[in-house]
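Here are a few exercises to work through with the model open beside you. Try each task before you read its solution.

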Amino acid sequence: ETIPDLPGVKEPYVITLDEFLSGRKTVGKRVAILGGHYGAEAAVSLSREGKSKPEGYTKYHKPPAERALQVTDPAAVKDVHLLEAGPMMGWPPYSQMVKFMVLNEFLAEGGVNCLNGVTVTNLSGGAVTYTGADGATETIPVDTVILALPRTPNRDLYRQLAGTGVELWEIGDATGPEKIERAIHTANYAARQV
């Protein structure tokens, strides 16, 4: 996981995506997720809490604003913000076009506040401060910040074993985040070389 060097990153309300997904940490009512690619699915999940599909829900026949989820349990509803430095949401390395389209539809239905082209500058004081694409500085009050930034390869084991005389193959996520198909392919190729 990538942990940014930002003021407030060590605050107790700042958690990683893995901590959230594993259930080791819970989130409050106001949530900001940094990373619009890896964090898109978490944002969809959180935006659905306390909501359900409206009666007569027809997903593909109405614009997102007209098929927004209805609040059924106001106490469970979360205010979700998804912040991304790049120009679009929901496109991690493992994504496909259909998944990208569906994720963005779900983000709209759940009412996620999607912010593209932003630079986060501070996580302290119970808020996320960022500079928007227009250059204006904004602040979002939060109870929880989820860090869902691009993953970095872990090459520690490879480095420890390099030069020991053991034949090594660096594959899978050790070379960088990949789709499962790519990981299986490289593992299969390496196994055939042994």
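**Exercise 1.** Which order do the strands of the open sheet of 3 strands have, and is the pairing parallel or antiparallel?

Before we solve it, some housekeeping. This is a predicted model, where local features need pLDDT of at least 70, side-chain atom pairs count only at pLDDT 80 or more, and totals for chains, interfaces and linings use all residues. Residues are numbered from 1 along each chain as its sequence is written, and side-chain values use heavy atoms, with hydrogens and water left out.

*Solution.* Step one: read off the order, β7-β8-β9, with antiparallel pairing. Strands here are DSSP runs of E with at least two residues, helices are runs of H or I with at least four, and both are numbered from the N terminus. Two strands pair if DSSP finds at least two bridges between them.

Step two: look at the edges. β7 (119-122) and β9 (137-141) each have a single partner strand, so one side of each is left without a neighbour in the sheet. From one strand to the next, the twist averages 35°, using angles that run from 0 to 180 degrees between the N-to-C directions of lines fitted to C-alpha atoms.

Step three: zoom in on one pair. β8 (residues 127-131) meets β9 over 5 bridges in the antiparallel sense, and Ala127 has Pro141 as its bridge partner in β9.

**Exercise 2.** Work out how β10 is paired and covered.

*Solution.* Start with β1 (residues 14-16), which pairs with β10 in the parallel sense over 3 bridges; Ile15 has Ile146 as its bridge partner there. Next comes β2 (residues 30-34), joined to β10 by 4 bridges and running parallel, with Val31 opposite Thr144.

Now check the faces of β10 (residues 144-147). Side chains in a regular strand alternate between the two faces of the sheet. In β10, Thr144 and Ile146 on one side and Val145 and Leu147 on the other are all buried, where buried means under 20% relative accessible area with a 1.4 Å probe, protein chains only.

Finally, follow β2 onward. β2 is also joined to β5 (residues 79-84), in parallel, by 5 bridges, and Leu34 stands opposite Leu83. As for cover, 4 of the 5 residues of β2 are buried.

**Exercise 3.** Which elements give two or more residues to the largest nonpolar core?

*Solution.* First, size it up: this core has 20 residues, and those with the most contacts inside it are Phe20, Ile33, Leu46, Leu82, Leu107 and Ile146. A nonpolar core is a set of buried Ala, Val, Leu, Ile, Met, Phe, Trp, Tyr and Cys residues joined through side-chain atoms within 4.5 Å.

Then assign the contributors: α1 (17-22), β2, α2 (40-47), β5 and α3 (97-110). Of these, α2 gives the most, with 5 residues.

**Exercise 4.** Sum up the protein as a whole.

*Solution.* Count the elements and you get 5 helices and 10 strands. The C-alpha trace spans about 60 × 40 × 35 Å along its principal axes. Last, the burial tally: of the 194 residues in the protein, 37% are buried.

Terms used. Buried means under 20% relative accessible area, exposed over 50%, partly exposed in between (1.4 Å probe, protein chains only).
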